[in-house]
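This report walks through one protein model, from its central helix to the confidence of the prediction. Please keep the sequence and the 3D view open while reading.

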Amino acid sequence: MAREIIKFANNVYKNKQDLNIHCWAGKSRSQAIAFCLNQYFNMFCENNEEDYIRNLENSIDDFMGNSDVIKILTKEIYCLNNEYEIID
């Protein structure tokens, strides 16, 4: 599932579309996915460490994301990035 999320988000990014993230309860899974995709878009797609750090700092106090989702998705992001270039 993590790989599918990243591939879907990558397609949205390449097509310059909006991306809405939500889960049934809208509490921790969607926050975790948004957190990880911020990392993916800013660090790998845009090579924009400044925005990544600013967004990270702004989310620290209020962040209650699902730690299991973060671990799985972050691992997949780094695995995919090392496997092949994700963005054209």
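## Helix H2

In helix H2, the buried residues (those under 20% relative accessible area with a 1.4 Å probe, protein chains only, where exposed means over 50% and partly exposed lies in between) are Ser-30, Ala-32, Ile-33, Phe-35, Cys-36, Leu-37, Asn-38, Gln-39, Tyr-40, Phe-41, Asn-42 and Cys-45. Because 12 of its 17 residues are buried, H2 is largely enclosed by the rest of the structure. Helices (H or I, at least four residues) are DSSP runs, numbered from the N terminus.

From its first C-alpha to its last, H2 reaches 22 Å, which is close to the 24 Å expected at 1.5 Å a residue, where the expected span is 1.5 Å times one less than the number of residues. H2 is followed by Asn-47, whose phi is positive, near 50°.

## How the model is described

This is a predicted model, in which local features need pLDDT of at least 70 and side-chain atom pairs count only at pLDDT 80 or more, while totals for chains, interfaces and linings use all residues. Residues are numbered from 1 along each chain as its sequence is written, and side-chain values use heavy atoms, with hydrogens and water left out.

## The nonpolar core

The largest nonpolar core (a set of buried Ala, Val, Leu, Ile, Met, Phe, Trp, Tyr and Cys residues joined through side-chain atoms within 4.5 Å) has 15 residues. Those with the most contacts inside this core are Ile-6, Cys-36, Leu-37, Tyr-40, Phe-41, Leu-73 and Ile-77. The elements that give two or more residues to this core are H1, H2 (29-45) and H4 (67-83), and the largest share, 8 residues, comes from H2.

Leaving aside residues up to four places away in sequence, Phe-41 touches Ala-9, Tyr-13, Leu-19 and Glu-46, where a contact means heavy atoms within 4.5 Å.

## Cysteines and a loop residue

How many disulfides (pairs of cysteine sulfur atoms within 2.5 Å) does the structure hold? The structure holds 0 disulfides. Cys-36 is buried, with a relative accessible area of 0%, whereas Cys-79 is partly exposed at 35%.

Lys-16 is placed in the loop between H1 and H2, and its phi is near 55°, a positive value in a residue other than glycine. At 76% relative accessibility, Lys-16 counts as exposed.

## Confidence

The mean pLDDT (the predictor's confidence in each residue, from 0 to 100) of the protein chain is 79, and 85% of its residues reach 70 or more. Among the elements of the chain, helix H3 (residues 49-59) has the lowest mean pLDDT, 77, and helix H1 (residues 2-14) the highest, 88.

Notes. Disulfide = S-S within 2.5 Å.
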